[in-house]
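Q: Could you walk me through this one? I would like the overall layout, then the annotated sites.

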Amino acid sequence: MSSQRSPYLRFGLLIAAFAFLLDQVSKWVVIVPLSLEPKRVIEILPFFNLTWAENCGISLSMFASCTDTTRWTLVAVTGIVAGAVAIWMTREKARGDVIALAMILGGALGNIVDRVRYGYVVDYADLHFGDFRPFMIFNVADACITLGVLLLVARALLLREKAPEAAPSSNPSSNKGAAAD
C-alpha cells in the first residue's frame, strides 16, 4: 500500500496545515485584537475593508440558515468532503495537484472549526470598487479553497495527457476500412 502513497504527501500536509493556521490566526486577529464584530467595518484601503460577516450557509451564503440542524449538517458534509480530499491527496502523484488539494483541505478544516466553535463561518475580507463587489465577503479559508479548485481545474484543462499516437502499421492490409486520399 505504501507504493500508492503520494511522494508529495508530507509536503501537501504542511501546506494544508499552513493554510489552516493562517486562516485561524487571521480570524483570531479580527475577532480579538481588532474587535471587528462590534465595530462591523474597519476601512483598510479605499478598495478593501475588514467587514464582519457571519456565514451560516455555504459559498456565497447560499442555504443560509443559522439552525443547529444546518450547522451540524454543514459540518458533516464539509467533513466528508475534507476526508475525500485528504484521501485523494494521499494517492495523487502530481505535485501541483497535491498543492491544490492541500489548499482545499486546509481551507475546509478552517471553516469546519468555525462552524463547530461559533455556529457560523467568520468572514471579514471585503474587496470592493466603490459599490461594486466582485466577491462576497470572504476569509483566508475561502480564498484557499477557491484557489485550490481553480488550480485543479486549470491543471486538468491545460496539462491533459495526450493519448499516445498509434505506431504506423507496416501491414497495408490492416488499414482495410481507411479511405483513400
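What follows is a short exchange about the structure shown.

Q: What kind of model is this, and how are residues numbered?
A: This is a predicted model, in which local features need pLDDT of at least 70, side-chain atom pairs count only at pLDDT 80 or more, and totals for chains, interfaces and linings use all residues. Residues are numbered from 1 along each chain as its sequence is written, and side-chain values use heavy atoms, with hydrogens and water left out.

Q: How many helices and strands are there?
A: The protein has five helices and three strands. Helices (H or I, at least four residues) and strands (E, at least two) are DSSP runs, numbered from the N terminus.

Q: In which order, from the N terminus?
A: The elements run α-α-β-β-α-α-β-α.

Q: What percentage of the residues is buried?
A: Of the 181 residues, 34% count as buried. Buried means under 20% relative accessible area, exposed means over 50%, and partly exposed is in between (1.4 Å probe, protein chains only).

Q: And the surface, how much area is exposed?
A: About 11700 Å² is exposed, and carbon and sulfur atoms supply 66% of it. Accessible areas come from the Shrake-Rupley method with a 1.4 Å probe; for residues, only the protein chains shown count as cover.

Q: How much of the contact count comes from residues 24 or more positions apart?
A: Such pairs make up 68% of the contacts with a separation of 6 or more. Contact means heavy atoms within 4.5 Å.

Q: On to α1. What is its span?
A: Helix α1 covers residues 9-31, and its end C-alpha atoms are 33 Å apart. That agrees with the expected 33 Å for 23 residues at 1.5 Å a residue; the expected span is 1.5 Å times one less than the number of residues.

Q: Which of its residues are buried?
A: In α1 the buried residues are Leu9, Gly12, Ile15, Ala16, Ala19, Asp23, Gln24, Ser26, Lys27 and Val30.

Q: What do they pack against?
A: The buried residues of α1 pack against α2 (36-39), β2 (48-55), α3 (68-91), α4 (95-118), β3 (121-127) and α5 (140-158).

Q: Does UniProt say anything? Which residues carry "active site"?
A: The unreviewed UniProt entry puts "active site" on Asp123 and Asp142. The two span 20 residues in sequence, yet their C-alpha atoms are no more than 8.7 Å apart, so they gather at one spot. UniProt positions are in the numbering used here, feature names are shortened, and annotations may be inferred rather than shown by experiment.

Q: Where is Asp123, and is it buried or exposed?
A: Asp123 sits in strand β3 and is buried, at 3% relative accessibility. Leaving aside neighbours within four places in sequence, Asp123 has contacts that include Trp52, Asn55, Phe138, Asn139 and Asp142. Its side chain makes a polar contact of 3.5 Å with the side chain of Asn55. A polar contact is a pair of N or O atoms within 3.5 Å; within protein, one must be able to donate a hydrogen and the other to accept it, and residues adjacent in sequence count only if both atoms are side-chain atoms.

Q: And Asp142, where is that?
A: Asp142 is in helix α5. Not counting residues up to four places away in sequence, Asp142 touches Asn111 and Asp123, and the side chains of Asp142 and Asn111 make a polar contact at 3.0 Å.

Q: What else does Asn111 pair with through its side chain? I was looking at Asn139.
A: The side chains of Asn139 and Asn111 make a polar contact at 3.4 Å. Asn139 lies in the loop between β3 and α5 and is buried, with a relative accessible area of 1%. The side chain of Asn139 also reaches the backbone oxygen of Val122 at 2.9 Å.

Q: Back to β3: what does the side chain of Asp126 contact?
A: Asp126, found in strand β3, makes a side-chain polar contact of 2.9 Å with Thr51. Asp126 is buried, with a relative accessible area of 2%.

Q: Last topic, which residues does UniProt list as "transmembrane region"?
A: The unreviewed entry lists residues 72-89, 96-113 and 133-154. In the model, residues 72-89 are 100% helix, with end C-alpha atoms 25 Å apart. Residues 96-113 are 100% helix, with end C-alpha atoms 26 Å apart.
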